[in-house]
Amino acid sequence: MNYQIKASSISDQDAVLHIKQSDIDFGTTPKTAEILPNPAEMFLGAFAACMLKNVERFSGMLKFTYTKADLEVNAVRLDKPPRLDSINYTLKIHSSDKNLNTDLLKKNIEKFGTIYNTVKLSCAISGTIRTIENV
């Protein structure tokens, strides 16, 4: 598979990713540092998107149902050289399905996630998957 995106920016303004039919604004200037995601947050967003896509994918393959998945991702950045050193995540899956095996789901996400596997080559990843019982 091959992927392609486009991005553009105007001097002293913020930038935009152009992906398929979506335009995603991101911050490149100090005036929007607290409003728009920065490149590191966009990177973590791609990591999160990979995990959530795989929850959906593996729900069919592992034959479990869920109503919602919540993911929190935290990263530690080093200054010299500037890079992400570690990523930690907490994935909560809302489900009452007894077929949901979180250990097997975690193993499959770690084995088959494209972004997950790319990132783990450059920094440590740790995390947990928990089930939240639907009421």
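Select strand 1 (6-9) together with strand 2 (residues 15-19) in this predicted model, and you will see the two paired in the antiparallel sense over four bridges. Within this pairing, pick out S8, which stands opposite V16 in strand 2.

Now add strand 3 (22-26) to the selection; the three strands form an open sheet in the order 1-2-3, with antiparallel pairing. Strand 1 and strand 3 stand at the edges, and because each has a single partner strand, one side of each is left without a neighbour in the sheet. If you look along the sheet, neighbouring strands are turned against each other by 25 degrees on average, direction ignored. As a general point, strands of a sheet pair through backbone hydrogen bonds, either parallel or antiparallel.

Next, move to helix 2 (residues 102-112) and show the side chains of T102, L105, N108 and I109, which are buried. These four residues lie on the same side of helix 2, because they cover an arc of only 125 degrees around the axis. In an α-helix there are 3.6 residues a turn, so residues three or four places apart point the same way.

With those buried residues still displayed, bring in their packing partners, which are helix 1 (39-61), strand 5 (83-94), helix 3 (114-120) and strand 6 (124-132). Then turn to the face of helix 2 directed away from its buried side, where the exposed residues D103, K107 and K111 are found.

Finally, go to the start of helix 2 and select N101 and D103: a side-chain oxygen of N101 reaches to within 3.1 Å of the backbone nitrogen of D103.

How values were computed:
Residues are numbered from 1 along each chain as its sequence is written. This is a predicted model: local features need pLDDT of at least 70, side-chain atom pairs count only at pLDDT 80 or more; totals for chains, interfaces and linings use all residues. Side-chain values use heavy atoms; hydrogens and water are left out. Two strands pair if DSSP finds at least two bridges between them. Axes are lines fitted to C-alpha atoms, for helices over the stretch in contact, and angles run from 0 to 180 degrees between N-to-C directions. Buried means under 20% relative accessible area, exposed over 50%, partly exposed in between (1.4 Å probe, protein chains only). The arc is that of the directions from the helix axis to the C-beta atoms. Contact means heavy atoms within 4.5 Å. A polar contact is a pair of N or O atoms within 3.5 Å; within protein, one must be able to donate a hydrogen and the other to accept it, and residues adjacent in sequence count only if both atoms are side-chain atoms.
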